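Got your viewer ready? Load the model below, switch to a cartoon view, and follow along stop by stop.

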Amino acid sequence: MLMVSASVGACGGTPEPKRTAPSLPPYPTLELRAESLPVEQRFAGTVEAVKQATISAETPGRVTALPFDVNDKVTAGSILVRLRGTEQRADLAQAEASLTEAVARDAEAQTRHGRIADMQARKVVPLATLDEATANRDAANARLQSARAAVGRAQQGLAYTAVQAPYAAIITQRHVQIGELVAPGSPLITAASLESLRVTVDLPQNLVEAIRRRKQAFIYVGDQRLAATDLEIFPVATPMSGTVRARANLPAGTSGLYPGMTVEVGLVVGEDAQLLIPAQSIVERSEVTAVYVFTTDGRTALRQVRLGRRSGDRAEVVAGLESGDRIALDPLLALQHHGDVSERAP
């Protein structure tokens with residue numbers, strides 16, 4: 001029980017004259033009214049990156065450079081791993097030489113075909129000779145296209161020796177060391193983008209439909225309450241646990257969270273009437289939480305309250321106040337007017 005005593009009169013003990021209760025409070029107040037607010041069920045969720053990948057080798061080679069380590073931030077296109085690439089450069093040189101030869105052979109076949117076509121038009125050579133020249137021209141052109149494709153493959157193979165970051169990210173794991181020999185498919189680097197994060201949570205079956213109808217989720221990080229977006233509920237349940245997985249995106253620019261962290265997720269399952277009071281009206285003294293109330297008889301009383309969750313600059317009242325109560329918005333001003341009153345703690 002919280003007791004607030006009245007001030008006494010002068011040293012002679014003469015009581016102060018009784019004052020008439022004012023019709024209006026002498027300080028700013030707020031008359032409480034119940035609000036229809038979402039009812040949440042809270043669950044533990046896991047933060048994960050929307051963009052995360054383990055980058056693997058696409059060509060064989062020996063690792064010669066690892067410019068970045070775990071926890072380093074990289075930009076899109078940064079070189080994460082360099083492979084030796086001796087074989088790839090040799091393959092490219094061979095392909096380019098074959099292309100040069102194919103270009104010459106194609107030019108020769110084109111010239112010969114033009115000359116024989118002119119001779120055949122003058123009936124100097126038989127039609128069969130023209131057919132043979134045409135076939136040789138087409139074959140030379142096909143070899144030219146093949147040589148060009150081989151050069152493209154060799155260039156790509158050489159490019160694979162410089163493994164690049166597909167997007168801006170943070171390195172979360174290195175799977176190789178300098179000097180290791182890797183084959184196509186060998187994991188090299190795991191990276192995750194911190195620009196887009198989401199939270200996954202497992203839901204009990206009995207709440208899935210209520211959550212699916214409202215599709216509202218909030219993420220609690222310390223004193224922060226963040227509205228999640230794009231809540232998705234998977235269409236299947238996990239066979240062993242019978243839970244249904246849900247996934248929601250965190251607001252863009254959320255800081256202080258990293259993949260793998262555990263956070264509290266509030267999912268809306270219904271609505272309920274609740275009293276909310278502004279944080280500026282709350283008085284905290286030791287272990288007591290209270291507010292100043294302007295009573296119906298015109299006095300100011302310090303009343304103990306029990307609060308629930310806080311959202312932004314407002315707090316939910318669990319006990320101690322009811323709809324219609326008028327509370328002081330400025331406790332310091334209300335303190336100057338508090339009267340002799342005893343209030344029962346909730």
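**Stop 1: what packs over α3**

Start by selecting helix α3, residues 205–214, and then show what covers its buried residues: β3, β12, β15 (229–237), β16 (244–249) and β17 are included in that cover. Before going further, a word on ground rules: this is a predicted model, where local features need pLDDT of at least 70 and side-chain atom pairs count only at pLDDT 80 or more, while totals for chains, interfaces and linings use all residues. Residues are numbered from 1 along each chain as its sequence is written, and side-chain values use heavy atoms, with hydrogens and water left out.

Helices (H or I, at least four residues) and strands (E, at least two) are DSSP runs, numbered from the N terminus. "Buried" means under 20% relative accessible area, "exposed" over 50%, and "partly exposed" in between (1.4 Å probe, protein chains only).

Now put sticks on Leu207, Val208, Ala210 and Ile211, the buried residues of α3. Step just past the helix to Lys215, which takes a positive phi of about 50°.

**Stop 2: β3 and its partners**

Select β3, residues 35–49, along with β17, residues 262–278: they pair in the antiparallel sense over 12 bridges. Two strands pair if DSSP finds at least two bridges between them. Zoom in on Ser36 and you'll see Ala273 of β17 opposite.

Which residue of β12 does Thr46 stand opposite? Click on Thr200. β12 (residues 197–203) pairs with β3 in the antiparallel sense too, over 4 bridges.

**Stop 3: along α1**

Over to helix α1, residues 86–121, where you'll find His113. Is His113 buried or exposed? His113 counts as buried because its relative accessibility is 14%. Leaving aside neighbours within four places in sequence, select its contacts (heavy atoms within 4.5 Å): Leu130, Ala133, Thr134 and Arg137.

Gln110 is in α1 as well, but this residue is partly exposed, with a relative accessible area of 37%. Try a distance label from the C-alpha of Gln110 to that of Ala140: they are 30 residues apart along the chain and separated by 8.5 Å.

**Stop 4: the β19–β20 hairpin**

Last selection: β19 (residues 288–294) and β20, which pair in the antiparallel sense over 5 bridges. Tyr292 stands opposite Leu302 of β20. The two strands form a hairpin with 5 residues between them, and Gly298 in the turn has a positive phi of about 85°. Finish on β20 itself, residues 300–304: 4 of its 5 residues are buried, so the strand is largely enclosed by the rest of the structure.
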